[in-house]
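Biologist: Please give me a close look at the metal site, and show me how the rest of the fold sits around it. I work at the bench, so spell out any cut-offs as you go.

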Amino acid sequence: MIYVTRRERFSAAHRMYREDWTDEKNLEVFGKCSNPNWHGHNYVLFVTVKGNPAKELGFFINISKLKQIIKDRIIEKIDHKNLNTEVSFMQGKIATTENLAIAIWNELKPEIEKEGATLHRIRISETENNSIEYYGEEY
Ligand code: NI
């Protein structure tokens, strides 16, 4: 089994909050990311897919195809956007990196499978020091 990882970068605004809480309660739970006037992050997204290279090709997925899928399905929709208000697949969700990783997984999985590969991991860095990983496991 071979694992292939594509890195993409995007910038997006967000606010982590619950509508049914006061600004004070949101600040207490979500910290600075609950700022009512939004703020942004420079995110780094790593998409890892796996498969067995075909003997006649020496690879299992064309990396330029993988790059195109990620650009079309994710980057075009989130780069320089507001995750809370402008991104269809984040509607109704708290705009955490955790929820973003799950949403990106769900967007990409069927597209990757159409190419005969398997989605293995979504990793997102929100800052240099914090990153989130999702392997498609519910629990
Ligand atoms: Ni934030």
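Modeller: The protein has three helices and five strands; both are DSSP runs numbered from the N terminus, with at least four residues (H or I) for a helix and at least two (E) for a strand. Read from the N terminus, the order is β-α-β-α-β-α-β-β. Bear in mind that this is a predicted model, in which local features need pLDDT of at least 70 and side-chain atom pairs count only at pLDDT 80 or more, while totals for chains, interfaces and linings use all residues. Numbering starts from 1 along each chain as its sequence is written, and side-chain values use heavy atoms, leaving out hydrogens and water.

Now to the site you asked about. The nickel ion takes its protein donors from His14 (NE2), Cys33 (SG), His39 (NE2) and His41 (NE2), at 2.0 to 2.1 Å. A donor here is an N, O or S atom within 2.8 Å of the metal (3.2 Å for Na, K and Ca), and water is not among the atoms, so sites may look incomplete. Along the chain, the donor residues follow the spacing H-x18-C-x5-H-x1-H.

What about the geometry? The angles between the four donor atoms run from 93 to 125°, so the arrangement is tetrahedral; that label asks for four donors with all angles between 85 and 135 degrees. For reference, the ideal angle for four tetrahedral donors is 109.5 degrees.

Two of the ligands can be placed by how covered they are. Cys33 counts as buried because its relative accessibility is 13%, and His41 is buried too, at 14%. Buried means under 20% relative accessible area, exposed means over 50%, and partly exposed is in between (1.4 Å probe, protein chains only).

His41 also leads us to a neighbour. Ser11, in strand E1 (residues 2-14), touches His41, Asn42, Ile78, Asp79, His80 and Lys81, once residues up to four places away in sequence are set aside. A contact means heavy atoms within 4.5 Å. By way of contrast, the C-alpha atoms of Ser11 and Asn35 are separated by 17 Å, with their positions 24 residues apart along the chain.

One of those partners, His80, has a backbone quirk. Its phi is near 60°, a positive value in a residue other than glycine. Most residues other than glycine have a negative phi. His80 sits in the loop between helix H2 (63-78) and E3, and it is exposed because its relative accessible area is 63%. Trp38 does something similar, with a positive phi of about 65° although it is not a glycine. You'll find Trp38 in the loop between helix H1 (23-30) and strand E2 (39-51); with a relative accessible area of 32%, it is partly exposed.

Asn42, another partner of Ser11, is also touched by Ser125, whose other contacts beyond four places in sequence are Tyr43, Val44, Phe46, Asn130 and Ser131. Ser125 belongs to strand E4 (residues 118-125) and is buried, since its relative accessibility is 10%. Its partner Asn130 is in the loop between E4 and strand E5 (131-134), and a relative accessible area of 46% makes Asn130 partly exposed. Asn130 touches Ile124 as well as Ser125, while its C-alpha lies 24 Å from that of Glu76, 54 residues away in sequence.

Helix H3 gives two more spots to look at. Thr96 is in the loop between strand E3 (81-82) and helix H3 (97-114), touches Met16 and Met90, and counts as buried because its relative accessibility is 14%. Lys109, in helix H3 itself, is partly exposed, given its relative accessible area of 32%. Its C-alpha is 9.5 Å from that of Val49, although 60 residues separate the two in sequence.

Zooming out, 38% of the 139 residues are buried. Of the contacts between residues at least 6 apart in sequence, 64% join residues at least 24 apart. The C-alpha atoms fill a box of roughly 60 × 30 × 25 Å along the principal axes. About 8400 Å² is exposed, with 45% of it from carbon and sulfur atoms, using the Shrake-Rupley method with a 1.4 Å probe.

Terms used. Tetrahedral: all angles 85-135°; square planar, octahedral: opposite > 155°, others 65-115°.
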